[in-house]
Amino acid sequence: ANDEAKVRMDGTRDARNPFTGLAFKLEAGRFGQLTYVRVYQGRLKRGDFIVNTRTGKKVKVSRLVRLHANKMEDVDDVDAGDIAALFGIECNSGDTFVADGAPRLTMESIHVP
């Protein structure tokens, strides 16, 4: 049975809705794998546990950075609409992450020509 259904994300920049984000770029950095994440809904905070919906693996967000040109700024949280990077999170490009305990949604991947 195909249980796919489209879910509309709420892009309000606050923590009312559970975090949903998409890993869209991976980079080998000085501190291990750097995972670029676009936040589609909710808020992601340093220290949060998030779940990779493809693997079911729960991981802790130990370091969260916002990118400005070629500089990285450590931040405590990011909201819907932000692009951030996570360190040491093993995943594939196109993986969806959700807040621990939130519905296990899967985002459509971003097409980059």
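Trainee: How many of the 10 residues of β2 are buried, and is the strand largely enclosed or left open?
Mentor: The model is a predicted one, and the burial values are computed from its atoms. Strand β2 covers residues 32–41, and it is largely enclosed by the rest of the structure because the buried share of its 10 residues is 7.

Trainee: Which strand does β2 join through a hairpin, and through how many residues?
Mentor: Strand β1, at residues 20–29, runs antiparallel to β2, and 9 bridges join the two. Within this pairing Glu-27 stands opposite Leu-34 of β2. The hairpin therefore has to be read from the connection itself, which leads from β1 to β2 through 2 residues.

Trainee: With which other strand does β2 pair in the antiparallel sense over 5 bridges?
Mentor: In the order of the open sheet, β5-β4-β10-β1-β2-β9-β6-β7, β2 is written between β1 and β9. One position in the second pairing is Val-37, which stands opposite Ala-84. The antiparallel partner over 5 bridges is β9.

Trainee: Which strands stand at the edges of the sheet?
Mentor: The open sheet has 8 strands with antiparallel pairing, and the twist from one strand to the next averages 40°. A strand at the edge has a single partner, so one side of it is left without a neighbour in the sheet. The strands in that position are β5 (58–60) and β7 (71–74).

Trainee: How does edge strand β7 connect to β6, and which residue in the turn has a positive phi?
Mentor: Strand β6, at residues 64–68, pairs with β7 in the antiparallel sense over 4 bridges. Val-65 stands opposite Asp-74 of β7, while the bridge partner of His-68 in β7 is Lys-71. The two strands form a hairpin with 2 residues between them, and the turn residue with a positive phi, of about 50°, is Ala-69.

Trainee: What kind of aromatic pair do the rings of Phe-24 and Tyr-36 form?
Mentor: The count comes to 1 aromatic pair, and this pair links distant parts of the chain, with Phe-24 in β1 and Tyr-36 in β2, 12 residues apart. Phe-24 counts as partly exposed at 28% relative accessibility, whereas Tyr-36, at 11%, counts as buried. The ring centres are 6.2 Å apart and the planes stand at 50°, so the pair is tilted.

Trainee: Over the face of which ring does Arg-38 lie?
Mentor: A charged end sits over a ring at another place too, where Lys-58 is 5.3 Å from the centre of the Phe-49 ring. For Arg-38 the distance to the ring centre is 4.5 Å, and the ring is that of Tyr-40.

Trainee: Which strand gives the most residues to the largest nonpolar core?
Mentor: This core has 20 residues, and those touching the most other members are Phe-19, Leu-44, Ile-50, Leu-64, Val-78, Leu-86 and Phe-97. Leu-44, for example, touches Phe-19, Ile-50, Val-61, Leu-64, Asp-76, Asp-77, Val-78 and Leu-86, with residues up to four places away in sequence not counted. Strands β2, β4 (49–52), β9 (83–87) and β10 (96–99) each supply at least two residues of the core. The strand that gives the most, with 3 residues, is β10.

Trainee: How many residues are in the other core?
Mentor: This other core lies apart from the core described above. Among its members are Leu-34, Val-65, Ala-85 and Phe-87, and its residues number 5.

Trainee: Is Ile-83 buried or partly exposed?
Mentor: Ile-83 is found in strand β9, and it touches Phe-24, Val-37, Arg-38, Arg-66 and Leu-67 when residues up to four places away in sequence are not counted. Its C-alpha is 6.8 Å from that of Arg-66, although the two are 17 residues apart in sequence. Buried residues have under 20% relative accessible area. With a value of 38%, Ile-83 is partly exposed.

Trainee: Which residues is Ser-62 in contact with, leaving aside its neighbours within four places in sequence?
Mentor: Ser-62 lies in the loop between β5 and β6 and is exposed, with a relative accessible area of 52%. The C-alpha atoms of Ser-62 and Phe-87 are separated by 7.5 Å, with the two residues 25 apart along the chain. Beyond its sequence neighbours, Ser-62 is in contact with Arg-46 and Phe-87.

Key:
Residues are numbered from 1 along each chain as its sequence is written. This is a predicted model: local features need pLDDT of at least 70, side-chain atom pairs count only at pLDDT 80 or more; totals for chains, interfaces and linings use all residues. Side-chain values use heavy atoms; hydrogens and water are left out. Rings of Phe, Tyr and Trp (its six-membered ring) pair if their centres lie within 6.5 Å; planes under 30 degrees apart count as stacked, over 60 as edge-to-face and the rest as tilted. Buried means under 20% relative accessible area, exposed over 50%, partly exposed in between (1.4 Å probe, protein chains only). A charge sits over a ring if NZ of Lys or CZ of Arg is within 6 Å of the ring centre and within 35 degrees of the ring normal. Two strands pair if DSSP finds at least two bridges between them. Axes are lines fitted to C-alpha atoms, for helices over the stretch in contact, and angles run from 0 to 180 degrees between N-to-C directions. A nonpolar core is a set of buried Ala, Val, Leu, Ile, Met, Phe, Trp, Tyr and Cys residues joined through side-chain atoms within 4.5 Å. Contact means heavy atoms within 4.5 Å.
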